[in-house]
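Student: Could we go through this structure together? I would like to understand the words people use for it.

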Amino acid sequence: LREAIYDFSTKGYTRLCGVAEIYVPNSPRQGFPALLAAVPVKEWFERLERAEFDVFDKRLQRRSLRVLWQLWRASRKGTWLDASNIR
């Protein structure tokens with residue numbers, strides 16, 4: 001099960017990074033709020049990686065206040081995925 005989750009999540013994270021590199025710099029500023037929906041997805045993928053791709057890990061069920069801060073920061077900076085954050 002972990003292997004399947006690993007494959008699924010790494011492909012999802014890779015696609016998310018691809019969107020950030022291709023569409024975000026070229027998209028109009030007015031459309032940026034629609035892209036903020038990707039911030040919690042990115043956080044989930046990172047938390048899943050820290051839990052070693054165990055979807056039953058109790059840490060994944062906790063709410064993360066960090067997401068709220070990341071949403072605020074992304075809206076202020078105008079980007080939701082920095083090149084420095086891509087692993």
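**Helices, crossings and rings**

Tutor: Gladly! Along the sequence, the pattern of the protein reads α-α-α-α. Keep in mind that this is a predicted model.

Student: How many helices and strands are there?

Tutor: The protein has four helices and zero strands. Of its 87 residues, 32% count as buried.

Student: What makes H1 oblique to H3?

Tutor: Start with the angle: the axes of helix H1 (residues 2-22) and helix H3 (residues 38-50) come within 10 Å and cross at roughly 140 degrees. Roughly antiparallel would need an angle over 145, and roughly perpendicular covers 65 to 115. The crossing angle fits neither of these, so H1 is oblique to H3. The crossing is left-handed.

Student: Which residues make the contact between H1 and H3?

Tutor: On the H1 side they are Ile5, Ser9, Gly12, Tyr13 and Leu16. H3 brings Ala38, Val41, Lys42, Phe45, Glu46 and Leu48. Sorted by kind, the residues of this contact are seven nonpolar, two polar and two charged.

Student: How many aromatic pairs are there?

Tutor: The count comes to two aromatic pairs.

Student: Why is the pair of tyrosine 6 and phenylalanine 53 called edge-to-face?

Tutor: The ring centres are 4.9 Å apart, and the cut-off for a pair is 6.5 Å. The planes stand at 90 degrees, and edge-to-face asks for over 60. Both conditions are met, so tyrosine 6 and phenylalanine 53 form an edge-to-face pair. This pair links distant parts of the chain, 47 residues apart: tyrosine 6 is in helix H1, and phenylalanine 53 is in the loop between H3 and helix H4 (66-77).

Student: Are these two residues buried or partly exposed?

Tutor: Buried means under 20% relative accessible area, and exposed means over 50%. Tyrosine 6 has 40%, so tyrosine 6 is partly exposed. Phenylalanine 53 has 15%, so phenylalanine 53 is buried.

Student: What makes tyrosine 13 and phenylalanine 45 an edge-to-face pair?

Tutor: Use the same kind of reasoning. Their ring centres are 6.2 Å apart and their planes are at 90 degrees, so this pair is edge-to-face. Tyrosine 13 lies in helix H1 and phenylalanine 45 in helix H3, so the pair ties together parts 32 residues apart in sequence.

Student: How do you know that tyrosine 13 and phenylalanine 45 count as buried?

Tutor: Set each value against the 20% cut-off. Tyrosine 13 has 14% relative accessibility, so tyrosine 13 counts as buried. Phenylalanine 45 has 13%, so phenylalanine 45 counts as buried too.

Technical notes. Residues are numbered from 1 along each chain as its sequence is written. This is a predicted model: local features need pLDDT of at least 70, side-chain atom pairs count only at pLDDT 80 or more; totals for chains, interfaces and linings use all residues. Side-chain values use heavy atoms; hydrogens and water are left out. Axes are lines fitted to C-alpha atoms, for helices over the stretch in contact, and angles run from 0 to 180 degrees between N-to-C directions. Helices (H or I, at least four residues) and strands (E, at least two) are DSSP runs, numbered from the N terminus. Angles under 35 degrees count as roughly parallel, over 145 as roughly antiparallel, 65 to 115 as roughly perpendicular and the rest as oblique. A crossing is left-handed if the near helix is turned anticlockwise from the far one by less than a right angle, and right-handed if clockwise. Contact means heavy atoms within 4.5 Å. Ala, Val, Leu, Ile, Met, Phe, Trp, Tyr, Cys and Pro count as nonpolar, Asp, Glu, Lys and Arg as charged, and the others, Gly among them, as polar. Rings of Phe, Tyr and Trp (its six-membered ring) pair if their centres lie within 6.5 Å; planes under 30 degrees apart count as stacked, over 60 as edge-to-face and the rest as tilted. Buried means under 20% relative accessible area, exposed over 50%, partly exposed in between (1.4 Å probe, protein chains only).
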